Every structure is written in structure tokens, then in C-alpha cells.
Amino acid sequence: MWVQRELRLRPRPRGFHLVTDEVLAGMPELRELRVGLAHLFLRHTSASLTLNENASPDVRRDFASWFDEAVPEDAPYWTHTIEGPDDMPAHIMASLLGPALTLPVRDGRLALGMWQGVYLCEHRESGGPRSLLMTVYGE
Amino acid sequence: MWVQRELRLRPRPRGFHLVTDEVLAGMPELRELRVGLAHLFLRHTSASLTLNENASPDVRRDFASWFDEAVPEDAPYWTHTIEGPDDMPAHIMASLLGPALTLPVRDGRLALGMWQGVYLCEHRESGGPRSLLMTVYGE
Amino acid sequence: MWVQRELRLRPRPRGFHLVTDEVLAGMPELRELRVGLAHLFLRHTSASLTLNENASPDVRRDFASWFDEAVPEDAPYWTHTIEGPDDMPAHIMASLLGPALTLPVRDGRLALGMWQGVYLCEHRESGGPRSLLMTVYGE
């Protein structure tokens, strides 16, 4: 079975956002798979996806703090500054975390660990809506 | 062909550990594939998987040094500190490296480069056993 | 449908290089897929793949600047120095970005976002040719 579907994620502020439920709701065909995989793919270069702790908002806030410190807006070496100070750091962060996740499916459900949730990582101040292309396959 | 199997990795100390042989031993069905992929997925948010140099223990030690420097335990901005000083850095490191690898299979073997080995990256002091869900598929 | 093919990427200088067209030309079978995925896998531990902005060379230059700053050659903690000062940073950078990409295919084409291009990230001064194993599958 192969199903592909595009999901439009509403605009979110810069930061790390838990979107597991939204992703699951967007792919009801998961329930028909005994074993398979779900590929989530963000069609952008200044936002990313990652899996991390799904309970405490502190964790997501600390993600923002670390990334803002590690990839500073005011670094002297940026040359691509035409789209604003948050643009080049957003490109770097997007590649560090990556635009895609491949998640295992078992008995009609994502086989995530107890604490794993899907983060949409919005690296721009005003990134707008984000397009997520989901491909689910298996048997 | 779709096969999915869970492997329990024994507890390891904080650091980077070569587990290629253990992973291969856990998935004998690889040998039946002419062409396919193996998806390895760690069901945790404070450990990760990566591919890197499979020969020198120096490389794995230097990985630990760089990550400990880049994601310091004593950073002033951490707010999620309730689970110990190694917890929040572990979450960040886990997302930088990621919980999953998708590896090519050819003629019944992983088609890795000569120097590529699978690292289990244990980011906690006492992370305990780790659950690895493997999904092998192809023809 | 499963197709696997190895592509040899010519030697490139240290830096970030756009290789989308080369990758596409190397996998004509993409055109036969209605829905599927393309897995790109670099068989090396000192080069990597990422997706990022496909228009401005400034962006790729700034990638180099950030990575050189974040993973310095002269860090005092490197112990694996036998293969030159660019070797250990190359291993770290390779794992931060990762050796693989899984890209969605739709109606015979890669379903990338408008600004997404495939970067070959060469982390060594003289990395030589690089082997890219591509696996395309779907229906």
C-alpha cells in the first residue's frame, strides 16, 4: 500500500511545536497497515522536523535557547543577509535537524517510544503556513 | 518483503558505541533481500543513532568531546533541569543526530561504505537498556 | 518497483555543492513512479547530504562559515589527528548533517519544495570522488 497526502500546517511563531496529533489526524490510512513506515517531509528550507520529548514545554523552550545560542543572528560571517537576520540561521538550523522523519508503523499505529513526539521546528519569525508531504507505505 | 523486529540494546555508559554487528545479528532476514532498505529506529529521546568511522576508538572519543563542548551541561539558559544536568543536553544531542537511520541493502548485505559503522550514541549517564525497532523491506 | 544504482560524484573542493540535477540525471526510473521515495546514501564518513536553498551561492558559503566555526580544526580536545586537521571536524560535520536523504516522489518527479536543492557537503580538503548509492522504490 502506498498513500501520499499533503498537509498544510498553520502558521506558527518561531520555536518548537508539538504536532504529533495533527500529523496522525492527517493520515487515517495508517490504521490499515500491519507493518510499514510513514515518511514526513517538509517542503521548506527554513523549518524542520524532529522527534523529542512530548511532555514538558520546558524542553521545547530550551531547544529554542540552545539553537539561538549555537546559530547566532549577529555572527560576523553571514553574507546572505538580504532576507533578514533570522534567515541564514534558519537555513542552518533546518539542515541540522533536517526536513524529514521516517517513522515505523506497527499494527495500525506509529510505533513511537512513550516520550517521543513530532516537533515542527519553525526557524523564521514569520514562516507562514508550512507544507508537509506524508507518504505512508507498507502492508 | 516486510519484517519488523525489536532489539533490546544492553545499557551502555554515556558515549558513542559501535553496534553494527549487534544490529546485523538481530536481523537475519537481510540475507533474503536482493535490493531493499533497513530502517533502524531508537524509541528514545536521549539517545541517537549515527553512521561514522568504524575503526578508531579515538574518533568515538572525539565525538564525545565535541558534543560535550557544543551542548554544555552548565549553560545558563536551561530551564528543564529537574531530571539532572545531563538530561537537557541529551535531548538536544539526540535531535542533532536523530533517532533513525535508513540503510541500503544489496544482495543480502548492508551496502555500507568500507569505513561506515553504526554508532549507538548514549547521551545520558545512566540511560539503561535501549529499544531499537528495525524494519527491513525490499524484494 | 525497486531500482538501485550507484553514482560516482566527481571530486569537489571542501564546501557545499548543489547536485540536484546530477542526482536526477542518474536516476531516470523516477519518471515511472506514480508515488514513491528516493533514498540517497553517501558511502563515506567525511562527507554528507542535506537539502537547502537552491538559488543563492551566498547561502552555501555561509554554511561553510558556520560549520568551520562550530567545529574548529584547532580545538584542543581532538585526539584523532593522524589523518590531518580537517579529518576529525569532517567526521563530526558528516554526522551532524547525515549521509542520507529520503525524498518523496510524485507523478514521476521529486516532490521537493520550490527552494529545496540537494547539497553534497564535502568536509575534507581533498575528499576525492564520492560514491552515492540511490534506491528508488514505489508504484
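**Exercise 1.** Determine how many residues each of chains A and B brings to their contact, and describe the buried area.

*Solution.* Step 1: count residues with heavy atoms within 4.5 Å of the other chain; chain A supplies 33 residues and chain B supplies 26 residues. Step 2: take the buried area, that is, the accessible area (1.4 Å probe) that two parts lose on being put together, summed over both. For chain A and chain B this is about 2500 Å², with 61% from carbon and sulfur atoms. Step 3: on the chain A side, A:Asp62, A:Trp66 and A:Arg106 lose the most area to chain B, together 25% of what that side buries.

The model is predicted: local features need pLDDT of at least 70, side-chain atom pairs count only at pLDDT 80 or more, and totals for chains, interfaces and linings use all residues. Residues are numbered from 1 along each chain as its sequence is written, chains are lettered from A in the order in which they are written, and side-chain values use heavy atoms, without hydrogens and water.

**Exercise 2.** Find which residues form the salt bridge between chain A and chain B.

*Solution.* Step 1: apply the criterion, a side-chain nitrogen of Lys or Arg within 4 Å of a carboxyl oxygen of Asp or Glu. Step 2: the count is one salt bridge. Step 3: A:Arg106 pairs with B:Glu6, and their closest N and O atoms are 3.3 Å apart.

**Exercise 3.** State which residues lie nearest the centre of the largest pocket.

*Solution.* Step 1: the lining comprises 21 residues. Step 2: nearest the centre lie A:Trp66, A:Ala70, B:Glu69, B:Ala70 and C:Ala70. A pocket here is an open set of points on a 1 Å grid over the protein atoms alone where a 1.4 Å probe fits, with protein on both sides within 12 Å along at least five of seven lines; lining residues have an atom within 4 Å of a point.
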